[in-house]
Amino acid sequence: MKRYSILVGVVFILFSCASSRTATQAEIDNLKALIESKTFEIESEWAEPQATLAMTQIANAGMLPNGSSAGNINLIGNANFFKMKGDTVSAYLPYFGERQSGGSYGGTDIGIVFEGEPENLTITEAKENSYKINFKIKDKNNITENYNVIVRVYPSLSTSIYVMSNQKKSINYRGRVVNKTPKE
């Protein structure tokens with residue numbers, strides 16, 4: 001019986017490894033052209049806030065969208081975007097999580113909103129044939145809030161946007177490139 005369970009485990013591991021997808025050269029070339037053009041739009045499908053006690057209480061109270069948990073919130077159907085055009089970036093990303101400090105009095109926009117030329121913009125080729133875009137930028141509606149943003153774009157055009165704030169707990173967004181410049 002012990003041999004049988006070991007054999008099943010090994011077969012499972014082999015099939016798991018075999019199912020991982022590698023990028024084609026066409027996908028890698030397409031991604032490189034997209035990044036070099038600096039013109040694309042991302043729509044996030046999932047928000048991944050830190051699963052704190054407060055977020056767990058909100059999830060247990062049934063206040064999150066269907067299929068969501070304290071650390072994984074479904075954004076499909078919710079307006080959100082990240083756009084890059086040249087050296088300008090803009091975003092509206094709904095925020096789920098805890099505010100650490102501050103905030104504007106009577107503020108109505110509690111999402112992550114920014115627009116303009118970021119500071120310290122760097123674009124580097126990363127592992128897995130992906131690209132990493134790093135920058136700092138101020139909130140559009142709250143001049144005391146600053147963001148450090150890391151965007152990863154993969155050859156499959158799937159994305160990850162990691163946002164660190166000086167006033168909110170960090171959050172990650174997973175999504176896809178939805179609008180890209182046509183090849184010329």
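Which residue's side chain does a polar contact of 3.0 Å join to that of Gln 167? Keep that question in mind as you open the model, which is a predicted one; we will come back to it at the last stop.

**Start with the whole chain**

Show the protein chain as a cartoon. You should find three helices and 10 strands. Starting at the N terminus, follow the elements in the order α-α-β-α-β-β-β-β-β-β-β-β-β. Now switch on the surface: about 11200 Å² is exposed, and carbon and sulfur atoms supply 54% of that area. Of the 184 residues in the chain, 34% are buried. Among contacts with a separation of 6 or more, 54% are between residues 24 or more positions apart.

**Select residues 112-116**

This is strand S5, and four of its five residues are buried, so the strand is largely enclosed by the rest of the structure. Add residues 88-93, strand S4, to the selection: S4 and S5 pair in the antiparallel sense, with five bridges between them. To see one of these partnerships, pick Ala 91, whose bridge partner in S5 is Phe 114.

**Stay on Phe 114 and show the rings**

Is Phe 114 buried or exposed? Its relative accessibility is 1%, so Phe 114 counts as buried. The structure holds four aromatic pairs. In one of them, Phe 82 and Phe 114 meet edge-to-face, 6.4 Å from centre to centre and with 70° between the planes. This pair links distant parts of the chain, since Phe 82 belongs to strand S3 (residues 81-85) and Phe 114 to strand S5, 32 residues apart. Phe 82 is buried too, just as Phe 114 is.

Next, add Tyr 147. Its ring centre lies 6.0 Å from that of Phe 114 and the planes are at 50°, so this pair is tilted. Here too distant parts of the chain are linked: Tyr 147 sits in strand S8 (residues 146-153), 33 residues from Phe 114 in strand S5. Tyr 147 also counts as buried, at 1% relative accessibility. Add Phe 135 to complete the view, as ring pairs link Phe 82, Phe 114, Phe 135 and Tyr 147 into a cluster.

**Widen the view to the nonpolar core**

In soluble globular proteins, nonpolar side chains tend to be buried together. The largest nonpolar core here has 34 residues, and the members touching the most others are Phe 82, Phe 114 and Tyr 173. Select Tyr 173 and look around it: beyond its close neighbours in sequence, the residues it touches include Trp 46, Leu 75, Leu 93, Ile 112, Ile 161 and Val 163.

**Move to Glu 145**

Glu 145 lies in the loop between strand S7 (131-138) and S8. At 1% relative accessibility, Glu 145 counts as buried. Its side chain makes a polar contact of 2.7 Å with the side chain of Ser 165. Now select Asn 166 as well: the C-alpha atoms of Glu 145 and Asn 166 are 6.1 Å apart, although 21 residues separate the two in sequence. Other residues in contact with Glu 145 include Arg 99, Lys 138, Gln 167 and Lys 168.

**Finish at Gln 167**

Gln 167 is in the loop between strand S9 (158-165) and strand S10 (171-180). Its relative accessible area is 5%, so Gln 167 is buried. Show its side chain together with that of Thr 144, and you have the answer to the opening question: Thr 144 is the partner in the 3.0 Å polar contact.

Key:
Residues numbered from 1 in each chain as written. Predicted model: local features only at pLDDT ≥ 70, side-chain atom pairs only at ≥ 80, totals over all residues. Heavy atoms only, no water. Buried < 20%, exposed > 50% of the residue type's maximum accessible area, 1.4 Å probe, protein only. Helix = DSSP H or I, 4+ residues; strand = E, 2+ residues; numbered from the N terminus. Pairing = 2+ DSSP bridges. Polar contact = N/O pair within 3.5 Å; in protein donor to acceptor, adjacent residues only side chain to side chain. Core = buried A, V, L, I, M, F, W, Y, C linked by side-chain atoms within 4.5 Å. Contact = heavy atoms within 4.5 Å. Areas by Shrake-Rupley, 256 points an atom, 1.4 Å probe, with all protein chains shown as cover. Phe/Tyr/Trp six-rings, centres within 6.5 Å; stacked < 30°, edge-to-face > 60°. Lists of a residue's contacts leave out its neighbours within four places in sequence.
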